[in-house]
Amino acid sequence: MTGNGPPPAVEPPAIDIVRLDAPDDQGAIPLETGPAPDHLSTGFPPVENWFSFGGRTMVRNVSGATLTPFLPDGEEANGTAVVIAAGGGYLIESMETEAWAQARWLAARGVAAFVLKYRLQPTPVDDSEFRTALIERFAAAAANAASMTPSDVPPFMIDDAAAAMRLVRERAAAWSIDPRRIGYLGFSAGAMIGLALAERDGKDAAPAFLAAIYPSMARRPVRADPPPLFAAMAADDQLYGRQGYGLIEGWRAAGGSVELHVYARGGHGFGMGTLGTTSTGFMPAFHAWLECDGWLGTGR
């Protein structure tokens, strides 16, 4: 389904940015992919900045990628693992609503979850200048939504996702994980990174299954026999709700299995789901898909 006219403008709400202390993340594993190239070519210092925006914990100016394990209790572990990447227009990462919450949810159900904090494009240190840059990025995304594809993803972010997948596979035995059942769950920009990763050669970094939550739905070339895809979005998504579903059509045409959930309401960036809408059912639906397709058992 496509609509007429341009999509509505997408802007962050007119609320204050509240600086936060960096979380005590002693379990984070450096991915050793190097500093973000964009940080090396600008005057912005490569210093992470944690902040709250609309009550959501976020980070910007990430120059060193890390992977943080959220492991299930030994008796509950089922051998499946998921690397999770938050969204944020390649400028920020919404860590609580699009990574940590899902990681805790999956770990409580026996799935080993790994939160990827990937390198970002730099933003101004000054909060007001940063907010202006963020509004401009969201406005550009809304204007160009019809043509946005995974080819727009900065390559170093795909490198980080690949390094995360390889690390989980390398340490699968230590974490009681079946190396054949390591997938990827991404939100918005994080979903675009996952779609781009699935296009790369190299089985050591390829996800066994892929979940893309409110990505660009623009049609794009898809390599033959892509991994099984779970996709979810809201029909009133301010960025991608009027694109149609070319991504899904292309995936199926390439021989890939697809499950698509379109919720009537929820907007863009619903995280665990927007209260009062059926989008709150997306994580249970994702878990049911994993189970029905055999990813949570020994059938694969």
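Me: At what angle do helix H2 and helix H7 pack?
Reply: Happy to start there, and please keep in mind that this is a predicted model. Helix H2 covers residues 95–107 and helix H7 covers residues 282–292. Their axes lie 12 Å apart, and the angle at which they pack is about 45°.

Me: How are H2 and H7 oriented to each other, and what is the handedness of their crossing?
Reply: Angles under 35 degrees would count as roughly parallel, and 65 to 115 as roughly perpendicular. The angle here is about 45°, and therefore H2 and H7 are oblique to each other. As for handedness, the crossing of H2 and H7 is right-handed.

Me: Which residues make the contact of H2 with H7, and how many are nonpolar, polar and charged?
Reply: On the H2 side you will find Gln102, Trp105 and Leu106. H7 brings Met283, Pro284, Phe286 and His287. Sorted by class, the contact has five nonpolar, two polar and no charged residues.

Me: Is helix H5 largely enclosed or largely open?
Reply: Helix H5 spans residues 189–199, eleven residues in total. Ten of the eleven are buried, among them Met192, Ile193 and Leu195. So, with respect to the rest of the structure, H5 is largely enclosed.

Me: Which elements do the buried residues of H5 pack against?
Reply: Two helices are on the list, H4 (155–170) and H6 (246–253). The strands are E6 (81–85), E9 (182–187) and E10 (210–213). In short, the partners are E6, H4, E9, E10 and H6.

Me: At what angle does H5 run to E9?
Reply: H5 lies across three strands, E6, E9 and E10. Taking E9 as the reference, the direction of H5 makes an angle of about 140°.

Me: And which strands does H6 touch?
Reply: H6 packs on the sheet too. Its direction makes about 165° with that of E12. The strands touched by H6 are E10, E11 (229–234) and E12.

Me: How are H4 and H5 oriented to each other?
Reply: The axes of H4 and H5 come within 9 Å and cross at roughly 75°. An angle from 65 to 115 degrees counts as roughly perpendicular. That makes the orientation of H4 to H5 roughly perpendicular.

Me: How many residues of each class are in the contact of H4 with H5?
Reply: H4 contributes Met157, Ile158, Ala161, Ala162 and Met165. From H5 come Ile193, Ala196 and Leu197. By class, the tally is eight nonpolar, no polar and no charged residues.

Me: Which strands stand at the edges of the eight-stranded sheet?
Reply: The sheet is open, with mixed pairing, and its strand order is E2-E5-E8-E6-E9-E10-E11-E12. An edge strand here has a single partner strand, so one side of it is left without a neighbour in the sheet. The two edge strands are E2 (29–30) and E12 (258–263).

Me: Which residue in E8 stands opposite Ala85?
Reply: Strand E8 covers residues 112–117, and E6 and E8 run parallel. Five bridges join them. Opposite Ala85, E8 places Leu116.

Me: Which residues of strand E3 point the other way from Asn49, Phe51 and Phe53?
Reply: In a regular strand the side chains alternate between the two faces of the sheet. Five of the five residues of E3 (residues 49–53) are buried. Asn49, Phe51 and Phe53 point one way, and pointing the other way are Trp50 and Ser52.

Me: Which residue in the turn between E3 and E4 has a positive phi?
Reply: E3 runs antiparallel to E4 (residues 56–60), and five bridges join the two strands. One of the pairings matches Asn49 with Arg60. The hairpin has two residues between its strands, and the one with a positive phi, about 65°, is Gly54.

Me: Is Arg19 buried, partly exposed or exposed?
Reply: Arg19 sits in strand E1, and its contacts include Trp50, Phe51 and Asp127. Buried would need under 20% relative accessible area, and exposed over 50%. At 43%, Arg19 counts as partly exposed.

Me: What about Thr68, buried or exposed?
Reply: Thr68 belongs to strand E5 (residues 66–70). Beyond its neighbours within four places in sequence, its contacts include Asp25, Phe114 and Val115. With a relative accessible area of 9%, Thr68 is buried.

Methods:
Residues are numbered from 1 along each chain as its sequence is written. This is a predicted model: local features need pLDDT of at least 70, side-chain atom pairs count only at pLDDT 80 or more; totals for chains, interfaces and linings use all residues. Side-chain values use heavy atoms; hydrogens and water are left out. Buried means under 20% relative accessible area, exposed over 50%, partly exposed in between (1.4 Å probe, protein chains only). Helices (H or I, at least four residues) and strands (E, at least two) are DSSP runs, numbered from the N terminus. Contact means heavy atoms within 4.5 Å. Axes are lines fitted to C-alpha atoms, for helices over the stretch in contact, and angles run from 0 to 180 degrees between N-to-C directions. Angles under 35 degrees count as roughly parallel, over 145 as roughly antiparallel, 65 to 115 as roughly perpendicular and the rest as oblique. A crossing is left-handed if the near helix is turned anticlockwise from the far one by less than a right angle, and right-handed if clockwise. Ala, Val, Leu, Ile, Met, Phe, Trp, Tyr, Cys and Pro count as nonpolar, Asp, Glu, Lys and Arg as charged, and the others, Gly among them, as polar. Two strands pair if DSSP finds at least two bridges between them.
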